[in-house]
Each structure stands twice: as C-alpha cells, then as structure tokens.
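Good morning. I will go through one structure today, taking the empty spaces, the domains and the salt bridges in turn.

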Amino acid sequence: MMRVSYGKWTKHKLMSQDDLLIGYLPDTVYFTEETLWGMLEKHGKVMLKPCFGYQGLGVIQLSALENDHIELHKEYKKIILNGKEETYSYLKENHFSRKRPRYIVQQKIPLATINNNPFDLRVMVQRKRNSLEWVITGKLAKLAANNYVITNAAKAILSLEEAVQRSTLNNEQTNNIVTELDQVSLIVAEQLAKSYPNIRAYGIDLGIDQEGKIWIIEANLSPSIFMFKLLKDGSYETIRCYQKG
Ligand SMILES: Nc1ncnc2c1ncn2[C@@H]1O[C@H](COP(=O)(O)OP(=O)(O)O)[C@@H](O)[C@H]1O
Ligand SMILES: [Mg+2]
C-alpha cells in the first residue's frame with residue numbers, strides 16, 4: 001500500500017471528507033501566490049503554515065491593512081509591507097527555503113484569549129496496540145507567550161477548565177464544550193485512522209474562538225507528550241500506559 005503523506009495539506013483533505021468534521025475545519029487551501037491573495041482578500045487575516053512544520057516553526061500570520069499594506073507577524077515580530085509584490089518578495093527572501101515552498105493558507109481563527117493572549121487546546125487520542133477503540137487520554141490548554149500568535153511558544157500550560165474559566169468566554173458559550181471537544185477529537189482519530197492504520201496516538205490542536213465555537217487547527221501524528229507532564233493531573237501516566245500497551 002502506498003504511504004499517505006503526513007503533511008498538513010493531506011491531513012486537511014482527509015479530515016474534510018467527513019461530514020461532521022467539515023464544519024469544524026477552518027477554510028484552508030494549498031499555497032500558491034494566487035491562493036494566498038485570494039484567501040487574504042476573503043478573510044482579512046490568514047495563517048501561512050509549512051506543510052511539514054512543527055512547534056510553530058515557520059508559521060506566519062498575514063493581515064490585510066488599509067491601502068494595500070500587509071502586516072506579517074512571525075514569532076513576536078511584526079513588520080508592515082507595502083503591497084502584494086513587496087510582501088511576496090519579502091516572503092521569498094526571508095521565509096521560503098526552497099524554490100517551490102509547500103505551505104497551506106488557512107483562515108485565521110480569532111482564538112479566545114486570557115489577558116489578551118490567545119490559547120488553544122491539545123487533545124490526546126490513543127488506542128492500545130491490539131485495540132480499535134480510541135480513547136481520550138489527556139487534554140490541556142496552551143497559552144501563547146506575550147506578542148505571539150502561536151501557542152507553541154507557550155507562556156503556560158493549563159487545564160482546559162482553568163483556561164476556559166480565566167478566558168473571556170462566558171458560561172453560556174462553553175456549555176457542553178467538553179462533550180463536543182471529545183466527540184470531535186474521537187472522530188478526527190477515526191477518520192485519519194482509515195489512512196494511517198499504524199498510528200496509535202493523535203495529538204489534536206483545537207481552538208475555541210471568541211464566540212465559543214470549536215475549530216480543528218491540526219492533527220499531529222507523532223505528538224510530543226512532555227506538556228502533559230507539566231499538568232500533573234495523571235494524564236501523563238495514562239498516556240505512557242497507552243504508548244506501551
Ligand atoms: N488557523 C489558525 N487560526 C489561529 N491560530 C492558528 C491557526 N493555525 C495555527 N494557529 C496557531 O499556530 C500554532 C501552530 O500551528 P499548527 O497548525 O499547530 O502548526 P505546528 O505543526 O507548527 O504546531 C497553533 O497551535 C495555533 O496557536
Ligand atoms: Mg501544532
């Protein structure tokens with residue numbers, strides 16, 4: 001059997017084949033110069049993400065400003081460029097490492113915040129070696145460091161409950177959010193498992209926007225688990241147990 005790519009674009013396409021998941025996926029296209037400007041026009045803010053990136057490396061936020069100015073936000077740095085041409089040359093010179101850069105362009109989700117810093121969630125879904133049953137083994141929130149749009153450079157790792165409580169979200173918006181997160185995460189694992197039969201652990205990044213709507217940001221196939229150790233809620237031990245089993 002041919003190995004299915006582990007890239008972000010492939011995983012997006014696989015998830016979008018599921019009728020329920022489609023409603024949770026941000027508008028996403030494969031990057032070309034043309035699709036980038038199309039998406040920026042449509043959404044005003046987009047994320048440019050390397051298909052084979054990790055830990056937020058190379059993730060850039062682009063925002064359309066007045067008079068064709070475009071703001072690039074990478075790590076804690078912002079720069080404003082004048083027009084599409086200048087922006088594209090800048091990206092080519094400073095960011096794209098190869099001739100044909102492999103990126104996706106994704107609608108920016110206005111993530112819920114705590115003290116103005118966005119946060120998102122990581123849900124671990126695992127199965128044991130000889131089982132087909134997917135189980136949620138850990139959940140946490142990653143709070144972005146000051147001035148970052150990515151949460152990989154985390155200022156803090158929090159429990160989902162604490163994050164929601166300290167955020168701008170109100171009770172009405174977060175009613176049933178745990179049930180819905182669990183349901184979406186399990187379906188992501190089941191859907192991707194059709195194409196990645198040997199994968200036993202998914203680390204799913206999910207966002208909650210400022211209205212309380214859940215979004216799938218990405219699904220990791222070899223998720224690191226150290227963040228769960230920091231949480232000290234027993235999930236790290238559960239995750240290790242599933243890794244071994
Ligand atoms: N569409 C988006 N809207 C808002 N924030 C995003 C979006 N995509 C990514 N991010 C932020 O950037 C981080 C890194 O992006 P992600 O897709 O998880 O790539 P990586 O594989 O580098 O972790 C996410 O955890 C999230 O904080
Ligand atoms: Mg991620």
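I start with the inside. The largest cavity holds about 100 Å³ of space. Before going on, note that this is a predicted model. How many cavities of 30 Å³ or more are there? The count comes to one.

Which residues lie nearest the centre of the largest cavity? They are Lys8, His12, Met15, Ile217 and Glu218, out of a lining of 13 residues. Sorted by class, that lining has six nonpolar, three polar and four charged residues. As for secondary structure, α1 (8-15), β6 (103-107) and β12 (214-220) each give at least two residues to the lining of this largest cavity.

Now the domains, since they come up again with every space I describe. The chain is divided into domain 1, which is 8-24 + 110-244, and domain 2, which is 28-107. Taken over C-alpha atoms, the centres of domain 1 and domain 2 are separated by 25 Å. How many residues are in contact across the two domains? On the domain 1 side there are 10, and they are in contact with 18 residues of domain 2. Going back to the largest cavity, its lining draws at least three residues from each of domain 1 and domain 2.

Next, the pockets. The volume of the largest pocket is about 890 Å³. Its lining is made up of 38 residues, and those nearest the centre are Gln55, Asn152, Asp205, Glu218 and Asn220. Glu218 is therefore a name to keep in mind, because it is listed nearest the centre of the largest cavity and also nearest the centre of the largest pocket, where a lining residue is one with an atom within 4 Å of a point of the space.

Several elements contribute to the largest pocket. At least two lining residues come from each of α1, β2 (45-50), β6, β8 (117-126), β10 (154-158), β12 and α7 (226-231). Which element gives the most to this lining? That is β12, with three residues. By class, the lining of the largest pocket has 19 nonpolar, 10 polar and nine charged residues. Here too, domain 1 and domain 2 each provide at least three residues of the lining.

The second largest pocket has a volume of about 320 Å³. It is lined by 19 residues, with His73, Lys108, Pro118, Tyr148 and Val149 nearest its centre. Its lining takes at least two residues from each of β3 (60-64), β4 (69-74) and β8. The class division for the second largest pocket is seven nonpolar, eight polar and four charged. Where does the second largest pocket lie with respect to the two domains? Domain 1 and domain 2 both give residues to its lining, so the second largest pocket lies between them.

That leaves the salt bridges. The structure holds eight of them, and I will show three pairs and one network.

The side chains of Asp27 and Lys42 form a salt bridge, at 2.8 Å from N to O. This pair links distant parts of the chain: Asp27 is in the loop between α1 and β1 (28-30), Lys42 is in helix α2 (residues 33-43), and they are 15 residues apart. Are these two residues buried, partly exposed or exposed? Asp27 is partly exposed, with a relative accessible area of 23%, whereas Lys42 counts as exposed at 58% relative accessibility.

Glu75 and Lys77 also meet through their side chains in a salt bridge, at 3.3 Å from N to O. Glu75 is partly exposed, with a relative accessible area of 30%. Lys77 is partly exposed as well, at 44%.

In the third pair, Lys139 forms a salt bridge with Asp182, and the closest N and O atoms are 2.6 Å apart. Lys139 sits in strand β9 (residues 135-144) and Asp182 in helix α6 (residues 177-193), 43 residues apart, so this pair too links distant parts of the chain. Asp182 counts as partly exposed, because its relative accessibility is 21% and buried means under 20%.

Lastly, the network: Asp120, Arg122, Lys142 and Asp205 are joined into one by salt bridges that share partners. Asp205 in that network is also one of the residues nearest the centre of the largest pocket.

That is the end of my part.

Key
Residues numbered from 1 in each chain as written. Chains lettered and ligands numbered in written order. Predicted model: local features only at pLDDT ≥ 70, side-chain atom pairs only at ≥ 80, totals over all residues. Heavy atoms only, no water. 1 Å grid on protein atoms, 1.4 Å probe; cavity = no way out; pocket = protein on both sides within 12 Å on 5 of 7 lines; lining within 4 Å. Points joined across faces, edges and corners; volume = space filled by probe spheres on them. Helix = DSSP H or I, 4+ residues; strand = E, 2+ residues; numbered from the N terminus. Nonpolar A, V, L, I, M, F, W, Y, C, P; charged D, E, K, R; others polar. Domains from an automatic or database assignment. Salt bridge = Lys/Arg side-chain N within 4 Å of Asp/Glu carboxyl O. Buried < 20%, exposed > 50% of the residue type's maximum accessible area, 1.4 Å probe, protein only. Contact = heavy atoms within 4.5 Å.
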